[in-house]
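Student: Can you go through this one with me? I'd like to start with the surface.

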Amino acid sequence: MDIIAEILETDRLAEEKLAAAERKKQDMLENTRREQQRLEQMADENTESYREGLSSENEQKLREELEQLEARQKENIAALESVFEKNGERWAEDIFKRITAV
């Protein structure tokens, strides 16, 4: 009878160890899931921060380029106005002469 009791006790202990191992497995899976969520959240936050930084940087570059283009445009317009001031009357006379010479 002692052998049967020992077998039953061994079986009971094995079931307890199996249940404990199953609980530990579930805990480990839950910890892994939480860690994965935490890492995903960190990645999302980092991505958003990086996106905002790039967006801000690109907007600044675009503003600077636009300012440069506007400055060049003003310079070109000023140069054209200067040439027209110097030559406008002569050009108008030449155009008038060509039209009336026909």
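**Surface patches and a ring pair**

Tutor: Glu64, Glu65, Glu67 and Glu70 gather in a patch of negative charge on the surface. Keep in mind that this is a predicted model.

Student: Where does Glu67 lie?

Tutor: Glu67 is in helix H1, which covers residues 2–100.

Student: And is Glu67 buried or exposed?

Tutor: Glu67 counts as exposed, because its relative accessibility is 53% and the cut-off for exposed is over 50%.

Student: OK, new topic. Which residues make the nonpolar surface patch?

Tutor: Val83, Phe84, Trp91, Ile95 and Ile99 make a nonpolar patch of about 510 Å² on the surface.

Student: Where is Val83 found, then?

Tutor: Val83 is found in helix H1. Its relative accessibility is 38%, so Val83 counts as partly exposed.

Student: What about aromatic pairs, how many does a search of the whole structure find?

Tutor: The search finds one aromatic pair. The partners are Phe84 and Trp91, with 6.1 Å centre to centre and 55 degrees between the planes.

Student: What kind of pair do Phe84 and Trp91 form?

Tutor: Phe84 and Trp91 form a tilted pair. The angle of 55 degrees is neither under 30 nor over 60, so the pair counts as tilted.

Student: Is Phe84 buried or exposed?

Tutor: Phe84 counts as exposed, because its relative accessibility is 52%.

Student: And why does Trp91 count as partly exposed?

Tutor: Trp91 has 35% relative accessibility, so it counts as partly exposed. Phe84 and Trp91 also belong to the nonpolar patch from before.

How values were computed: Residues numbered from 1 in each chain as written. Predicted model: local features only at pLDDT ≥ 70, side-chain atom pairs only at ≥ 80, totals over all residues. Heavy atoms only, no water. Phe/Tyr/Trp six-rings, centres within 6.5 Å; stacked < 30°, edge-to-face > 60°. Buried < 20%, exposed > 50% of the residue type's maximum accessible area, 1.4 Å probe, protein only. Patch = residues over 30% accessible without salt bridge, like charges linked within 9 Å, V, L, I, M, F, W, Y side chains within 5 Å. Areas by Shrake-Rupley, 256 points an atom, 1.4 Å probe, with all protein chains shown as cover. Salt bridge = Lys/Arg side-chain N within 4 Å of Asp/Glu carboxyl O. Lys, Arg positive; Asp, Glu negative; His and termini not counted. Charge placed at Lys NZ, Arg CZ, Asp CG, Glu CD. Helix = DSSP H or I, 4+ residues; strand = E, 2+ residues; numbered from the N terminus.
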